[in-house]
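Got the structure open in your viewer? Here is a tour, stop by stop, with something to select at each one.

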Amino acid sequence: MKGQEIMSDQNSIIKVENLKRTFVVGSEEVHALKGLSFDIYKGEFVSIMGSSGSGKSTLLNILGCLDQPTSGEYYIDGIAVRERSKNELSEIRNRKIGFVFQSYNLLPRTSALENVELPLVYNPDVSHSERREKAQYALEMVGLKDRMEHMPNQLSGGQQQRVAIARALVNDPVIVLADEATGNLDTRTSYEIMSLFQNLHEQGKTIAFVTHETDIAVFTTRTIFLRDGRVLRDDPVETKSALEALKALPVDNDY
Amino acid sequence: MDILNLIRISGKALLRNKTRSALSMLGIVIGIAAVIAVVNLGEGLKQSTANQLSDMGTNLIMVMRSNQRRGGVSMGSSNVQSLKVKDCDAIADCAKNVTMVSPVVSASGQLVNGSKNWSGTAYGGSPDYLAIKKYEIATGVNFTDEDVRKYAKVGLIGQTIVEELFDEDEDPIGKTIRLGSMPIKVIGTLKEKGENNMGMDQDDIIIMPFSTVQKRMLGQDFIQQIVCSAASEDVAEAAVAEIEVILRDMHKIPVGGTDDFDVRTQQEMLEMMNSLTGTITTVLIAIALISLLVGCIGIMNIMYVTVTERTKEIGLRMSIGAKNSAILMQFLTESIILSLIGGILGMILGVGLSYIVAMVMSLPFAVNGVWMIISFVSCAVLGLISGFFPALKASQTDPINALRYE
């Protein structure tokens, strides 16, 4: 990447400084983010919480390089994101970031394997065979080794989200950004997905998880709480194990 | 992003919507098929004209009497008596590029054989007349120069006359028939030649020595036409020039004066015919091109719908790192693939269609290669044009909104 700026703090994957984002709606200015500053370090599992209107989505769009801040600085993996061209942002998204969405966003009528391959399609450095190998490995990591050729409509919601997670991992990103990734799932499946995220975290992945559910945030290691475009709290979490929470759930699979 | 990858991505997207892809292709298929069919039929028509004209004679050159004005009054070509037998002899003696010459005089009359009769036309010529006009003898023999000198009452008859005047098992050779009041001995029959491209039956003919027709039947000293054969197609123009010089000299036409004759080659007649079929073909191609245009609008329409329907897919692709240009290229490639496949299918359909029509209309079947290439290239171009604006729209999608699009 051109003009790479190495920061003094090597462990900081994400660094935001006095981040502001203002939207102009008609003649009115809406201040969605009013000066945020925080760091996310390598190997952290951070939940970003807040009620609707707190600026979560705006922050996520900026962290995901889909949007640019009005002012303030944002560094990802030491690269200053501000003033980058659209194409450079695309490249950052392709190499540095893995997205997991609430509604999975898998391509219909396309096999799990091909869905997972998709980010690598846009990376000319990855050959066809390498792409297949990496996608297979990513699917193994999320426990879908025997579902590779299945179409999304042949998979359950939890399995579809696992495919989406595999897709987010396949390019070996510096951070995985999850946007309400358990929002469409029932409690049991949500816990299964959180357990998967905890596994990935243990393997050293850096994850930022946007949610509004406190019982999901307890599975992370740190919570950044937003209110009205500002950081309200930024606390470490007494992490609970999702696997144990899963075991504690009443067994009611006989309905 | 390399081209192979691009084609794979676009191909997969098209395969996800097989029915829609097929339907949007249909417009192009029909448009190209129509163009190719019309072009090929036009080509076939051209070839059939050429074949029939070459059937008319061997490197044929025709000398006709031309319309003349005397004191400002148009005489009408049939009243012009300028061509004489001695003109023929002069051409035969002096024109180096002419191999065969024959005068032509014709007279119509009632042909009678016993109880049967038929209204026919007798053509008088020299013994070379058959070779010049590409008539072949089926049975019997040709008449000779001796017959010409003697005004012999002999003739060769075409198959139509054979059928009309004789019974099936009857041999016409040696029989005497009557043309008007003159008895004629049949010395030969001609092989069947069919209709010419003007719909004239070339077998409804009786060929006789010109002297017999000219003196015994018509009692005139002029002739109606001279037909010649050039030594080869290449010297046809030179032969025409020679004939013109000889005839001007014979007719004592001063330099700058108006010729009282008209010399035409087979090639010129072919060009005249082709200019007519060419006009018809051009009009039909224009109509076919309109249907091709409609096909393109169809593709553009479907591509717009596709882009809107796949907003979420576009948002996802952008969020995982597809550049705007990659999205643009993907949708452009989709529309080019659509129109190219449509074009190829249309070509196959068009060739098939023109084959069937050629068979039904008994025209020669021909494929115009140039137009095949033109169609293929224009399909690619049309795909590019009709796909461009939808693809541009796709590439300008805002990924944030697109990801939330329901």
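What do the buried residues of helix 2 of chain A pack against? Keep in mind as you look that this is a predicted model. Select helix 2 of chain A, residues 86-96, and pick out its buried residues: A:Leu89, A:Ser90, A:Ile92, A:Arg93, A:Asn94 and A:Lys96. Within chain A they pack against strand 4 (71-76), strand 5, strand 6 (97-100) and helix 3 (112-121), and from the other chain helix 10 of chain B joins in.

Now step back along chain A to A:Val81, which sits in the loop between strand 5 (79-80) and helix 2. Is A:Val81 buried or exposed? Count the C-beta atoms: 20 others lie within 10 Å, and a residue is buried at 20 or more, so A:Val81 is buried. Show its contacts beyond the neighbours within four places in sequence, and you get A:Cys65, A:Tyr74, A:Tyr75, A:Ile76 and A:Ile92. A:Ile92 is one of the buried residues of helix 2 of chain A. It is eleven residues along the chain from A:Val81, with 8.7 Å between the two C-alpha atoms.

While you're on chain A, jump to A:Asn18 in strand 1 (residues 12-25). Its phi is near 50 degrees, a positive value in a residue that isn't glycine. A:Asn18 has 13 C-beta neighbours inside 10 Å and so counts as partly exposed.

Next, bring up both chains and colour the contact between them. Chain B puts in 19 residues and chain A 22. On the chain B side, the elements giving two or more residues are helix 1 (3-16), helix 10 (311-319), helix 11 and helix 13 (399-404). Colour that side by class and you'll see nine nonpolar, four polar and six charged residues.

Stay with helix 11 of chain B (residues 324-360) and add helix 2 of chain B (residues 18-56). How do these two helices run relative to each other? Their axes come within 6 Å and cross at roughly 40 degrees, so the pair is oblique. The crossing is right-handed. Residues in this contact, sorted by class, come to 19 nonpolar, eleven polar and no charged.

Zoom out on chain B to see its domains. The domain assignment gives domain 1 as 3-52 + 272-404 and domain 2 as 81-259. Drop a marker on the C-alpha centre of each, and the two markers lie 56 Å apart.

For the next stop, select helix 7 of chain B, residues 210-218. Which residues of this helix are buried? They are B:Phe210, B:Thr212, B:Val213, B:Gln214 and B:Met217. Remember that an α-helix has 3.6 residues a turn, so residues three or four places apart point the same way. Around the buried set, show what it packs against in chain B: strand 4 (98-113), strand 5 (116-125), helix 5 (145-149), strand 9 (182-190) and strand 10 (206-209). Then look just past the helix at B:Gly219, where phi is positive, near 60 degrees.

One last selection: B:Lys134, in the loop between helix 4 (129-132) and strand 6 (137-140) of chain B. B:Lys134 isn't a glycine, yet its phi is positive at about 60 degrees. There are 16 other C-beta atoms within 10 Å, so B:Lys134 is partly exposed.

Key:
Residues are numbered from 1 along each chain as its sequence is written. Chains are lettered from A and ligands numbered from 1 in the order in which they are written. This is a predicted model: local features need pLDDT of at least 70, side-chain atom pairs count only at pLDDT 80 or more; totals for chains, interfaces and linings use all residues. A residue is buried if 20 or more other C-beta atoms lie within 10 Å of its own, exposed if 12 or fewer, and partly exposed in between; C-beta atoms are placed from the backbone. Helices (H or I, at least four residues) and strands (E, at least two) are DSSP runs, numbered from the N terminus. Two residues are in contact if their C-beta atoms, placed from the backbone, lie within 7 Å. Domain bounds come from an automatic or database domain assignment. Axes are lines fitted to C-alpha atoms, for helices over the stretch in contact, and angles run from 0 to 180 degrees between N-to-C directions. Angles under 35 degrees count as roughly parallel, over 145 as roughly antiparallel, 65 to 115 as roughly perpendicular and the rest as oblique. A crossing is left-handed if the near helix is turned anticlockwise from the far one by less than a right angle, and right-handed if clockwise. Ala, Val, Leu, Ile, Met, Phe, Trp, Tyr, Cys and Pro count as nonpolar, Asp, Glu, Lys and Arg as charged, and the others, Gly among them, as polar.
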